[in-house]
Every structure is written in C-alpha cells, then in structure tokens.
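Reader: I would like to learn how to read the features of a protein model. Could you take me through one, step by step?

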Amino acid sequence: MKALLAFPTLEAVVARAQKSFTLVRSGGGALGVDEIAQLANEHQVDALFVAPRNPVRAELIQKLPATVKVISTFSVGFDHIDVAAAKAKGIAVTNTPEVLSEATANLAFLLLLAASRRLPEAEALMRQGWGRHLGTQDLLGVDLTGKTLAIFGMGRIGREMADRARAFGMKIVYCNRNRLHPDLEKGAAYFANFKEMLPLADALSLHAPGTNETKELMNRETFALMKKGSIFVNTARGSLVNEDALIEALRTGHLFAAGLDVFTREPTLDPRFLELQNVVLAPHVGSATIETRTKMGFLMVENAEAVLDGGKPANIL
Ligand code: 8YV
C-alpha cells in the first residue's frame, strides 16, 4: 500500500507507517494543496496522512486520484477536512480521539494556573534579572480553590479538565449539547443554555470543536456576561473566539487573564496580544508530548490500515 505523509512527524511514527505503507513524504515542512494533489496522483496513493496544517477542502478532494480510499488525520479536530466532500467521493475520513485527551487537559489546566498566578509577569521580571524584593502586595494572583470552572464542551477532553479542576477544589458547571450521565457528570451542574452559565464562571475553558455553530461563540456579548475578574482558557480552536472582543476584555481588565493555545489565524499571532501582560500564550501545543504524539501517529496509521483492510475503524467520521 502507498501513502502520502503530508507533514513532518516523529521518526517512530514514520517507522510505524512504513511497516504497512510505501511512504511518499514531504522533504521539508507541511505540503501545500497543490503538492498534495500532484504527489497523490503521481504515486497513485491509497491513503493520505494529514494534520490540521494541511487543509483538505472540496477542491483538493476533487483532484485526488480514485486510488485514495482514506484520509487519516493526526488530530482529533477535523475542521480542516471537508468530510462531506470526501464521503461523496467514497473516501473515508478518520481522526485520533482519546489518546490526546489527558495531554490537552493538562495544558488547559497549566494555562489556567499560569493565568491565575500571573506567570508571564513573574517570568518577565526574572528574565530582566529580578534584583528587587517584591512587596507583599505585589504580583498577586487569584486562588482557584473554591471557585467555579465553566466548561464548554464536556467531551473527553472537557471531562479530563473537570477532573483536574476538582482536584484543585473547584466547582464545575458545564454546557454541552446533551446532559451527561451522572457517572460522567460527577456532580457538575449542567446548563443547556451557554449564556445562563457564563455569569457563574470564575473561569471558562473551551473544549468544543470548531464548527459553524461554535464560530465566535466568545464575542463582545458573551465576554461581557462573564464575571469581572474571571479567567478565560482556550485549547480548542481559535475560530470559537472573536479576538477583537477578547483583546478588549483583557485590556479593560474585565478578564483577569487568559491562557491561549489556539488562535484565529495560526500561525500568525495578533501582535496586540504581545502588549498584554495578562495573557499566557502557547503555539498550539495541547497534544505536544512525546508519548501523546506517538500514540496519535500510531492511531493515524492504524485507522488507515483498518479502512484499507476493508474494516471499519472506530474513529471513522
Ligand atoms: C494537532 C489538534 O493534531 O488534535 C487536534 O485537533 O489540534 C492538535 O492535537 C497537533 O497540533 C498536530 O498537528
């Protein structure tokens, strides 16, 4: 079997893929749309391995050769793939859920803690050489214990985030399409209506996919519904946030701080974020650990193998 690997990845993942596939690989960075179409046709590949940095829209899908039976993405999110267009062409699409839930929740909680304790300001002071005693009133953060964390999207990552917050003594409220079974809810309060939940939140963390329904969920109106002095965390997708409204809420101090791993125009960062001290910034590294990225890569390969073997992998979209 032949596969096109459209992005650079861990050698262990490449070796795993080469057990079943003759791999066509990008020499350097991620492949663009035209290169993917050209290489897939030239090599008549059976599978396409992509990551969120490889948009696979209908236009590219039309250009793929008939040999391509599966598009397997190295991600849980699949907003970069036109799944309907792929299905219409008889191409299966698979993703890598579950294996990254803990790593992503760890990063979300890390951002929440760092935002609550003003880590960027503390770090900046140290990097300037420190050299002065802080007053007992200086650089004060806020406690998370006893506070309420609101979670939008109580899937696997959202529930891992809730577990971490409980361990820090936080109360959990959540908004999800459906109410969870009490075994999964673990005492968290359910809100069918997002706007009704927001005023209760001392912190809000997003764990929902980037879709038409979630686009700019956080905007001027919804940020205003959050408590003054609350904290905002996003490790989901930048498309859920209107960045103008977020920057304004951080500038005015309506938000105490934010922790962000995802942005609207990745990999471009709105330079206005750099002027703010109350924002912790990370370059989309939610799943970026050796173990998790290895598991994601192996699962991406297994998903493609299952489709091409005529089976139906659990992670088919
Ligand atoms: C990326 C992600 O997969 O899983 C997702 O949806 O956004 C990330 O885990 C990762 O950045 C590799 O491209």
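Author: Happily; we will look at strands, helices, burial and salt bridges in turn. Please keep in mind that this is a predicted model.

Reader: Let's begin with the sheet. In what order do the five strands of the open sheet lie?

Author: A strand order is read across the sheet, from one edge to the other. Here the order is E2-E1-E3-E4-E5, and the pairing is parallel. Strand E2 (22-25) and strand E5 (92-94) each have a single partner strand, so one side of each lacks a neighbour in the sheet. From one strand to the next, the twist averages 20 degrees.

Reader: How many bridges pair E4 and E5?

Author: Strand E4 (residues 70-73) pairs with E5 over three bridges, in the parallel sense. To find your way there, look for Ser72, which stands opposite Thr94 in E5.

Reader: Which strands does helix H2 lie across?

Author: For a helix on a sheet, look at what it covers and at the angle. Helix H2 (residues 33-43) lies across strand E1 (2-5), E2 and strand E3 (47-50), and runs at about 165 degrees to E1. Helix H12 (residues 290-308) also packs on the sheet, where it touches E1, E3, E4 and E5. The direction of H12 makes about 165 degrees with that of E4.

Reader: Now burial. Is Thr148 buried or exposed?

Author: The cut-off to remember is that buried means under 20% relative accessible area. Thr148 has a value of 11%, so this residue is buried. Thr148 is found in strand E6 (residues 148-152), and its contacts beyond four places in sequence include Met170, Leu200 and Asp202.

Reader: Which residues of E9 are buried on its two faces?

Author: In strand E9 (residues 203-206), Ala203 and Ser205 are buried on one side, and Leu204 and Leu206 on the other. E9 pairs with E6 in the parallel sense over four bridges, and Leu206 is the bridge partner of Phe152. Four bridges also join E9 to strand E10 (residues 230-234), again running parallel. In that pairing, Ser205 stands opposite Val233.

Reader: And at the surface, which residues make the nonpolar patch?

Author: Met126, Trp130 and Leu134 make a patch of about 320 Å². Met126 belongs to helix H6 (residues 119-127) and is partly exposed, with a relative accessible area of 45%.

Reader: What about charges? How many salt bridges are there?

Author: Side chains of opposite charge can pair when their charged atoms come close. The count here is 18 salt bridges. One of them joins Glu98 and Arg156, at 2.9 Å from N to O. Glu98 sits in the loop between E5 and helix H5 (101-116) and Arg156 in helix H7 (residues 156-167), so the pair ties together parts 58 residues apart in sequence. Glu98 is exposed at 53%, while Arg156 is partly exposed at 39%.

Reader: Where do Arg220 and Glu248 lie?

Author: The closest N and O atoms of their salt bridge are 2.8 Å apart. Arg220 is in helix H10 (residues 220-225) and Glu248 in helix H11 (residues 243-251), 28 residues apart.

Reader: Which residue does Glu121 form a salt bridge with?

Author: The partner is Arg118, with the closest N and O atoms 2.8 Å apart. Glu121 is buried at 17%, and Arg118 is partly exposed at 23%. To finish, Asp163, Arg166 and Lys186 form a network of salt bridges.

Terms used. Residues numbered from 1 in each chain as written. Predicted model: local features only at pLDDT ≥ 70, side-chain atom pairs only at ≥ 80, totals over all residues. Heavy atoms only, no water. Pairing = 2+ DSSP bridges. Axes fitted to C-alpha atoms, helices over the stretch in contact; angles between N-to-C directions. Contact = heavy atoms within 4.5 Å. Patch = residues over 30% accessible without salt bridge, like charges linked within 9 Å, V, L, I, M, F, W, Y side chains within 5 Å. Areas by Shrake-Rupley, 256 points an atom, 1.4 Å probe, with all protein chains shown as cover. Salt bridge = Lys/Arg side-chain N within 4 Å of Asp/Glu carboxyl O. Buried < 20%, exposed > 50% of the residue type's maximum accessible area, 1.4 Å probe, protein only.
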